[in-house]
Amino acid sequence: MSYTYPIDEIYWSKEEIIDVVNFYSMVEQAYEKGVDRDELMLAYTRFKQIVPSKSEEKTLCGQFEKESGYSCYRAVKHAKTLSTGSKVKM
């Protein structure tokens, strides 16, 4: 990994930064080896608590995709189509 995660160090607490990084990490795992659907959706739910604005979500996830090549949107969209207990593999 030779890129940085888009985070807001000014407004987010350490716990929130850890939770957002966890979500990005789950998206990476979905692309690289697969991840449990329920864990990804739980991480996304927490991400949305920290970043409730749709426009801010698009900005952050767009920056993440530009840096990493991994799409938060596509991973979550795919996870939503799967049943509980499934594995998300992009």
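**Residue environments and helix packing in the predicted model**

Isoleucine 18 is exposed, its relative accessible area being 57%. The structure in which this residue was examined is a predicted model. Isoleucine 18 belongs to helix H1, which spans residues 14–32. Its C-alpha atom lies 9.7 Å from that of isoleucine 7, and 11 residues separate the two in sequence.

The overall architecture was considered next. The protein chain contains 4 helices and 2 strands, and their order along the sequence gives the pattern α-β-α-α-α-β. The computed radius of gyration is 12 Å, close to the 12 Å expected from the globule rule for 90 residues, so the protein chain is as compact as a globular protein of that length. Along the principal axes, the C-alpha atoms of the protein chain fill a box of roughly 35 × 25 × 20 Å. Of the 90 residues in the protein chain, 40% are buried. The accessible surface amounts to about 5,500 Å², and carbon and sulfur atoms account for 51% of that surface. When contacts between residues at least 6 apart in sequence are considered, 62% of them link residues at least 24 apart.

Helix packing was described for one pair of elements. Two packed helices are characterised by the angle between their axes together with the distance between those axes. Helix H1 packs against helix H4 (residues 72–81) at an angle of about 75°, and the two axes are 10 Å apart. Because an angle from 65 to 115 degrees counts as roughly perpendicular, H1 is roughly perpendicular to H4. On the H1 side, the contact is formed by Phe23, Tyr24, Val27 and Tyr31, which meet Cys72, Arg74, Ala75 and Val76 of H4. Classified by residue type, this contact comprises 7 nonpolar residues, 1 charged residue and no polar residues.

Phe23 also enters a second spatial relationship, with a residue of helix H2. Leucine 42 is located in H2, which covers residues 37–50. The C-alpha atoms of leucine 42 and phenylalanine 23 are 8.8 Å apart, while the two residues are 19 positions apart in sequence. Leucine 42 has a relative accessibility of 62% and therefore counts as exposed, the cut-off being over 50%.

Two buried residues were examined in distinct settings. Glutamate 57 is situated in helix H3, residues 54–68. With a relative accessible area of 9%, glutamate 57 is buried, because this value falls under 20%. Beyond its neighbours within four places in sequence, glutamate 57 contacts Tyr44, Phe47, Lys48, Val51 and Gly62. Glycine 34, by contrast, occupies the loop that connects H1 with strand E1 (35–36). The relative accessibility of glycine 34 is 8%, and this residue likewise counts as buried. If residues up to four places away in sequence are set aside, glycine 34 touches Gln29, Lys87, Val88 and Lys89. One of these partners, lysine 87, lies 53 residues away along the chain, yet the C-alpha atoms of glycine 34 and lysine 87 are separated by 6.2 Å.

A further pairing across the sequence involves the segment that precedes H1, where threonine 4 is placed. Threonine 4 and serine 68 are 64 residues apart in sequence, whereas their C-alpha atoms are 8.4 Å apart in space. Threonine 4 is exposed, with a relative accessible area of 54%.

Notes. Residues numbered from 1 in each chain as written. Predicted model: local features only at pLDDT ≥ 70, side-chain atom pairs only at ≥ 80, totals over all residues. Heavy atoms only, no water. Axes fitted to C-alpha atoms, helices over the stretch in contact; angles between N-to-C directions. Parallel < 35°, antiparallel > 145°, perpendicular 65-115°, else oblique. Contact = heavy atoms within 4.5 Å. Nonpolar A, V, L, I, M, F, W, Y, C, P; charged D, E, K, R; others polar. Rg over C-alpha atoms; globule rule 2.2 N^0.38 Å. Buried < 20%, exposed > 50% of the residue type's maximum accessible area, 1.4 Å probe, protein only. Areas by Shrake-Rupley, 256 points an atom, 1.4 Å probe, with all protein chains shown as cover.
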